[in-house]
Amino acid sequence: MTTGRLAPDTLSLPQFGGRPNLRQEIAHALRGAVITGQMRPGVLYSAPTLAEQFGVSATPVREAMLDLANEELITIVRNKGFRVKELSDRDLDEITSLRALIEVPTVAEVARAINEPTRAAVEELRPLAREVERLAEIGDLIGYVEVDRRFHLSLLALAGNRHLIDVVGNLRARSRLYGLQGLAERGELGRSAAEHEQIVDLVVAGDASGVAELMRRHIGHVRGSWAGYHEP
């Protein structure tokens, strides 16, 4: 396992400069880097080094690190930086199983109870679905993970259960999608990304059974092709 500090030019992190909401944006970027495997367990990451990559001071990076530590994604090493927490295959399988247990019936229920206000709210998610596909096509994996998160949590929010959103958000953050880079490089990530707009279509149509089947398959990618494994 790799140890030591990481050189600032080895991560594909965005530049933020003096933009507002730096803490939140940096947390999103670091979370995406952890989920996609750009940041790996065993490596010691320092706030100053990451701040140089982001083009900001070390303060918002340290603040974002606290957010990720609260989500149990990283372990802070006092006066040095942090390390990404390692998860076993069993951990990841159980996380994916929980997501399926929660998300599949919830989205199906949104479709089953569809009405005009809800239909309009679901249609408002279509641009996000298309943005996920665009980011997949250009290989922006950190952007892909963040917009994918916003799409799914916004859809689940239509069920009206705030605690459910918190639980699923935490489960999603703890996923590991190390296969995304390979899929993007082979031009294959767009196929699964296109499922987002299909989900919108099925919910708008009130097709509860159809969207449940698609959601089950979609979440299955988390421990299949998105994780770097072959799917049957």
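A charge is said to sit over a ring if NZ of Lys or CZ of Arg is within 6 Å of the ring centre and within 35 degrees of the ring normal. Arg40 meets this description, lying over the face of Tyr178 at 3.8 Å from the ring centre. The model discussed here is predicted, so local features need pLDDT of at least 70 and side-chain atom pairs count only at pLDDT 80 or more, while totals for chains, interfaces and linings use all residues. Residues are numbered from 1 along each chain as its sequence is written, and side-chain values use heavy atoms, with hydrogens and water left out.

A good place to begin is helix H4, residues 89–112. Helices (H or I, at least four residues) and strands (E, at least two) are DSSP runs, numbered from the N terminus. The expected span of a helix is 1.5 Å times one less than its number of residues. For the 24 residues of H4 this gives 34 Å, and the end C-alpha atoms are 34 Å apart, which agrees. Among the buried residues of H4 (buried means under 20% relative accessible area, exposed over 50%, partly exposed in between, with a 1.4 Å probe and protein chains only) are Leu92, Ile95, Arg99, Glu103 and Val107. Their cover is described through contact, meaning heavy atoms within 4.5 Å. What covers the buried residues of H4 includes helix H5 (116–123), helix H7 (141–157), helix H8 (162–173), helix H11 (195–204) and helix H12 (208–220).

Helix H2, residues 47–54, offers another view of burial. Six of its eight residues are buried, so H2 is largely enclosed by the rest of the structure. The buried residues are Ala47, Thr49, Leu50, Ala51, Gln53 and Phe54. Their cover includes helix H1 (22–36), helix H3 (58–70) and strand S2 (81–84). After H2 comes Gly55, whose phi is positive, near 80°.

Next come the nonpolar cores. A nonpolar core is a set of buried Ala, Val, Leu, Ile, Met, Phe, Trp, Tyr and Cys residues joined through side-chain atoms within 4.5 Å. The largest has 43 residues, and Tyr144, Leu189 and Val203 have the most contacts inside it. Two or more residues of this core come from each of H4, helix H6 (126–138), H7, H8, H9, helix H10 (189–193), H11 and H12. H7 gives the most, with eight residues. Leaving aside neighbours within four places in sequence, Tyr144 is in contact with Val132, Leu135, Ala136, Leu180, Leu189, Ser192, Ala193, His196 and Trp226. A second, separate core of 27 residues includes Ile26, Leu30, Val56 and Ile142.

Two single residues help to fill in the picture. Leu177 is placed in the loop between H8 and helix H9 (180–185), and Leu177 is buried, with a relative accessible area of 8%. Not counting residues up to four places away in sequence, Leu177 touches Ile35, Thr36, Val222, Trp226 and Ala227. The C-alpha atoms of Leu177 and Val34 are separated by 8.9 Å, although these residues are 143 residues apart along the chain. His218, in helix H12, is also buried, with a relative accessible area of 1%. With residues up to four places away in sequence again not counted, His218 touches Asp148, His152, Ser192, Glu195, His196, Ile199 and Trp226.

Finally, charged side chains can be followed. A salt bridge is a side-chain nitrogen of Lys or Arg within 4 Å of a carboxyl oxygen of Asp or Glu, and the structure holds 17 of them. Glu109 forms one with Arg112, the closest N and O atoms being 2.8 Å apart. These two are three residues apart in helix H4, and therefore separated by about one helical turn. Glu109 counts as partly exposed at 41% relative accessibility, and Arg112 is exposed, with a relative accessible area of 53%. In helix H5, Glu116 and Arg119 are likewise three residues apart, about one turn of the helix; their salt bridge has its closest N and O atoms 2.5 Å apart. Arg217 and Glu195 also meet in a salt bridge (4.0 Å, N to O). This pair links distant parts of the chain, with Arg217 in helix H12 and Glu195 in helix H11, 22 residues apart. Arg217 is partly exposed, with a relative accessible area of 41%, whereas Glu195 is buried, at 8%. Salt bridges that share partners also join Glu123, Arg126, Arg130, Glu197 and Asp201 into one network.
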